[in-house]
Amino acid sequence: MNWFQRQLNRPFFIKLFNWEYWNFSTIYIPIYIIWIGLCLRARSFFFFAAANPRIKNGGFLNESKKDICAIIPAAIHPKTVFFSTPSNADIVLLELQKKGLRFPMIGKPDIGGRGRGIKALRDEDDVKEYVRNAFLDFHIQEFVSYKNEVGIFYYRYPGELLGGISGIVRKEFLKVRGDGVSTVKDLLLKNKRGVLQLKNLEKTNSELLAIILPQAEERVIVPYGNHARGAEFLDDSQLINEELVSTIDKLCKEIPDFYFGRLDIRYNTWEELKKGLNFSVIEVNGAGSEPTHIYDPKHSIFFAWKEIIRHWIILWRISRMNHRRGFRYLSIREGIQMFRENKHNSEKLAAMTA
């Protein structure tokens, strides 16, 4: 690798030349005028709260995963135990044992997003450390062993019998393939996604980086289907068909008053998922959901803007229709308070992720 190639492999240039790594504001500011126009037409800057009336703020910000979990059929959701802070680690471990959870597990903040504060828990020491560093209420979830993960964006206009799917994102976890010579760190340095995760991995899993994998052995390095945690997002929207729409629509109708959002699903095979077999809904995201298929590296920023605006319009229409049915928007006071809470929670999430 020559000097020029080494420079391009630095985090700064990786982020500069690949829009999928740009920060939220850089991506969204150019199209905010569209959002403001929708707010004016709805006569509310917080119309989105009516999109999913049973979820706090419609699922735009600060929604509680505990509250959402309560309205999801238990049969399609991983076994989960919720805790308030401050918590005693010994009591947490006892509760996990009572509920039948076994290692490995996943720890998640009750309020969060973009992979912040999520951690794999491999043993009791990991649980104790997670509890000690939890600055927000949290939950611990059984690890879903299905190898594949997908995000399916669902919407249904109130009063219509059948909903639709507006996008599918397949998530490829960050992994490396051994050559019998290079360490895991060396292999990650050859992958731009790996380069961006190195700093965090050196703090959280440094022993893994020194391992030399045998020839052709593959190992998942970050087992989270989150773009900010190194997963590659690939647009599989071409797989939308009547069978899948029917299955997802039936599932989403079991969630009361759920009309707009993304389901993050782990599954065994695609054929089984289409039939509603061997899958687990690990998360339900509401009005604040991104159409994450936009982050496929093959897509341009212009494609992303088009898809974001398309989903905003769907959200606006659903919210307006629900508002006419009697579901309220947030008041200005409530909306301002929502953003204040989000800032406060974001600071705590940053401390948990550090």
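**A tour starting at lysine 175**

Select lysine 175 to begin: this residue is partly exposed, with a relative accessible area of 35% (buried means under 20%, exposed over 50%, and partly exposed in between, using a 1.4 Å probe and protein chains only). You're looking at a predicted model, where local features need pLDDT of at least 70, side-chain atom pairs count only at pLDDT 80 or more, and totals for chains, interfaces and linings use all residues. Residues are numbered from 1 along each chain as its sequence is written, and side-chain values use heavy atoms, leaving out hydrogens and water.

Now colour residues 174-177: that's strand β7, the home of lysine 175 (strands are DSSP runs of E with at least two residues, helices are runs of H or I with at least four, and both are numbered from the N terminus).

Next, show Asn191, Glu218, Arg219, Val220 and Ile221. Lysine 175 is in contact with these, leaving aside its neighbours within four places in sequence (contact means heavy atoms within 4.5 Å).

Then pick tyrosine 154. Its C-alpha atom is separated from that of lysine 175 by 29 Å, and the two residues are 21 apart along the chain.

Time to zoom out. The protein chain holds 14 helices and eleven strands. Its radius of gyration is 21 Å, close to the 20 Å that the globule rule gives for 354 residues, so the chain is as compact as a globular protein of that length (the radius is taken over C-alpha atoms, and the rule is 2.2 Å times the number of residues to the power 0.38). Turn the C-alpha trace around: along its principal axes it spans about 65 × 55 × 45 Å. Finally, colour by burial: buried residues make up 49% of the 354.
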